[in-house]
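Thanks for coming. I will take a few minutes on one model and its surface, starting with the aromatic side chains.

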Amino acid sequence: MKHAQHIAHHGLARHEVSNTLIKGAVMSAGAQTGKTIMSKITKHPLLLIGIGVVAGYYAHKYRKEIISSVTSVGDKGKDFVLQQKENLEDMVAESKEDQE
């Protein structure tokens, strides 16, 4: 409780602290529910096969969209790496100029 009051005193309102606590409780409950569902699924092989068939169907149905999304993310990742490389080269060049 002291920690929550300390946080509230240093800039976070009480409702923000309570929202954080509520979000944590919901996430914990969701994780527990997911664990329960997964344990039941693994005990029923036909259900597991059915889920695999449905997942395969949707993966096949939306394969073009999936491939384009993955390609787009890959291209964005390459662009990000190149931009960071350029920024690093600029910083190195500036530091060399400052040393001279």
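**Tyrosines and two surface patches**

Let me begin with Tyr57, which has a relative accessibility of 46% and is therefore classed as partly exposed. Before going further, please keep in mind that this is a predicted model.

How many aromatic pairs does the structure hold? There are 2 of them. In one, Tyr57 and Tyr58 have ring centres 5.2 Å apart and planes at 75°, so this pair is edge-to-face. The label follows because planes over 60 degrees apart count as edge-to-face. Tyr58, with a relative accessibility of 43%, is also in the partly exposed class.

Tyr58 pairs with Tyr62 as well, and here the rings are stacked, with 6.1 Å centre to centre and 5° between the planes. For this one, the cut-off to remember is that planes under 30 degrees apart count as stacked. Tyr62 has a relative accessibility of 36%, so Tyr62 counts as partly exposed too. Taken together, the ring pairs join Tyr57, Tyr58 and Tyr62 into a cluster.

Now to the surface around these rings. Which residues make the nonpolar surface patch? The tyrosines of the cluster, Tyr57, Tyr58 and Tyr62, belong to it along with Val54, Ile66 and Val70, and the patch covers about 590 Å². Where do its residues come from? Helix 3, residues 45-61, and helix 4 each provide at least two of them. The largest share is from helix 3, with 3 residues. On the other side of that split, Ile66 sits in helix 4. At 41% relative accessibility, Ile66 is another partly exposed residue. Partly exposed, for all of these, means between 20% and 50% relative accessible area.

The last item is charge. The model also has a negative surface patch, formed by Glu86, Glu89, Asp90, Glu94, Glu97 and Asp98. I will take one of these as an example. Asp98 lies in helix 4, which spans residues 63-99. Is Asp98 buried or exposed? Its relative accessible area is 68%, so Asp98 is exposed, the cut-off for that class being over 50%.

To recap, helix 4 supplies at least two residues of the nonpolar patch, and helix 4 also contains Asp98, one of the residues of the negative patch. That is what I have, and I am happy to take questions.

How values were computed. Residues numbered from 1 in each chain as written. Predicted model: local features only at pLDDT ≥ 70, side-chain atom pairs only at ≥ 80, totals over all residues. Heavy atoms only, no water. Patch = residues over 30% accessible without salt bridge, like charges linked within 9 Å, V, L, I, M, F, W, Y side chains within 5 Å. Areas by Shrake-Rupley, 256 points an atom, 1.4 Å probe, with all protein chains shown as cover. Salt bridge = Lys/Arg side-chain N within 4 Å of Asp/Glu carboxyl O. Lys, Arg positive; Asp, Glu negative; His and termini not counted. Charge placed at Lys NZ, Arg CZ, Asp CG, Glu CD. Helix = DSSP H or I, 4+ residues; strand = E, 2+ residues; numbered from the N terminus. Buried < 20%, exposed > 50% of the residue type's maximum accessible area, 1.4 Å probe, protein only. Phe/Tyr/Trp six-rings, centres within 6.5 Å; stacked < 30°, edge-to-face > 60°.
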